Amino acid sequence: MASTTSQLLNLDRCIIFRVLHVLPSKDAFRLRSKCRSLQQLFADKIDVLGFWQALDNPIGCLTRNDVWLHALVQEEQIMQYLRRGEQVHIADDIWLHSEASLTQLIATLDKVIDQAEGSMPILGSWNFEMSNIAKLTAGNAAFVRSSVLKLRWGSSNFQVHLEIRLIAKV
């Protein structure tokens, strides 16, 4: 009977990368660090990232418990985020669509964390309907309300909306 290592090496590397693609980033990297055969497959980091990005539109996601960024950026950038992400509360899933969006998020976190003075910042995202924004800018609406951001803090649940009001047209 073949050893697990030789069976793993005989698997198509595309199958292995597809399985690792659906795992949270920490788990994918932890698994790689524990398996010598996976370490060999990951030797060419650019090749692995290129494979994951070719699977579909590369998307990263940050949640309260996990991150899925390994199809979007290199491991070093994920580690940069993780060091900062421990200092903020993720209120709702945050979707990232490019390396630039993660770089911008890291820069923003640096500023927010520096200004937090011992408190824990809350990180979340809101959406606005473009048609409502168009109505607002055309003067056909008094305000625009965002999608709901749901927060859980301890045993309390909150729902937060952002409102944008047009004060004056320039």
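Leu162 is partly exposed, because its relative accessible area is 35% (buried means under 20% relative accessible area, exposed over 50%, partly exposed in between, with a 1.4 Å probe and protein chains only). This is a predicted model, in which local features need pLDDT of at least 70, side-chain atom pairs count only at pLDDT 80 or more, and totals for chains, interfaces and linings use all residues. Residues are numbered from 1 along each chain as its sequence is written, and side-chain values use heavy atoms, with hydrogens and water left out.

Stay with Leu162 for a moment. Leu162 sits in the loop between β8 (156-160) and β9 (163-165). Helices (H or I, at least four residues) and strands (E, at least two) are DSSP runs, numbered from the N terminus. Beyond residues up to four places away in sequence, Leu162 touches Trp126, Phe128, Val144, Arg145 and Ser146. Contact here means heavy atoms within 4.5 Å. Leu162 and Arg145 are 17 residues apart in sequence, yet their C-alpha atoms are 5.7 Å apart in space.

Ser146 is a partner of Leu162. Ser146 belongs to the loop between β6 (143-145) and β7 (149-153). Is Ser146 buried or exposed? Ser146 counts as buried, because its relative accessibility is 6%. Its contacts, not counting residues up to four places away in sequence, are Trp126, Asn127, Phe128, His161 and Leu162. Trp126 and Phe128 thus appear in the contacts of Ser146 and in those of Leu162.

Now the whole protein. Its secondary structure comes to eight helices and nine strands. Of its 170 residues, 34% are buried. Among contacts with a separation of 6 or more, 60% join residues 24 or more positions apart.

Next, the interior. A nonpolar core is a set of buried Ala, Val, Leu, Ile, Met, Phe, Trp, Tyr and Cys residues joined through side-chain atoms within 4.5 Å. The largest such core has 19 residues. Leu62, Leu69, Tyr81, Leu96, Leu102 and Leu105 have the most contacts inside it. At least two residues of this core come from each of α6, β4 (94-96) and α7 (99-115). The largest share, five residues, comes from α7. Another core, of 11 residues, lies apart from it, and includes Phe17, Cys35, Leu38 and Phe51.

Leu69 shows how the larger core is connected. Leaving out residues up to four places away in sequence, Leu69 touches Ser25, Gly60, Cys61, Leu62, Ile78, Tyr81, Leu96 and Leu102.

Phe51, from the other core, leads to Arg18. Arg18 lies in helix α2 (residues 13-22). Outside its neighbours within four places in sequence, Arg18 is in contact with Phe51 and Leu55. Arg18 and Phe51 are 33 residues apart in sequence and 8.9 Å apart in space, C-alpha to C-alpha.

Helix α6 deserves a closer look. Its buried residues are Glu75, Gln77, Ile78, Tyr81, Leu82, Arg84 and Gly85. What covers them includes α3, β1 (60-62), β2 (67-68), β3 (89-90) and α7.

Two packed helices are described by the angle between their axes and the distance between the axes. Axes are lines fitted to C-alpha atoms, for helices over the stretch in contact, and angles run from 0 to 180 degrees between N-to-C directions. Take α6 with α7. Their axes come within 10 Å and cross at roughly 30°. That makes α6 roughly parallel to α7 (angles under 35 degrees count as roughly parallel, over 145 as roughly antiparallel, 65 to 115 as roughly perpendicular and the rest as oblique). In α6, Gln77, Gln80, Tyr81 and Arg84 meet Glu99, Leu102, Thr103, Leu105, Ile106, Leu109, Asp110 and Ile113 of α7.

Then α3. The axes of helix α3 (residues 25-34) and helix α6 (residues 75-85) come within 12 Å and cross at roughly 125°. That makes α3 oblique to α6. On the α3 side are Ser25, Lys26, Phe29 and Arg32, which meet Glu75, Ile78 and Leu82 in α6.

The last stop is Met120. Met120 is found in the loop between α7 and β5 (122-123). Met120 is partly exposed, because its relative accessible area is 42%. Met120 and Gln87 are 33 residues apart in sequence and 6.3 Å apart in space, C-alpha to C-alpha.
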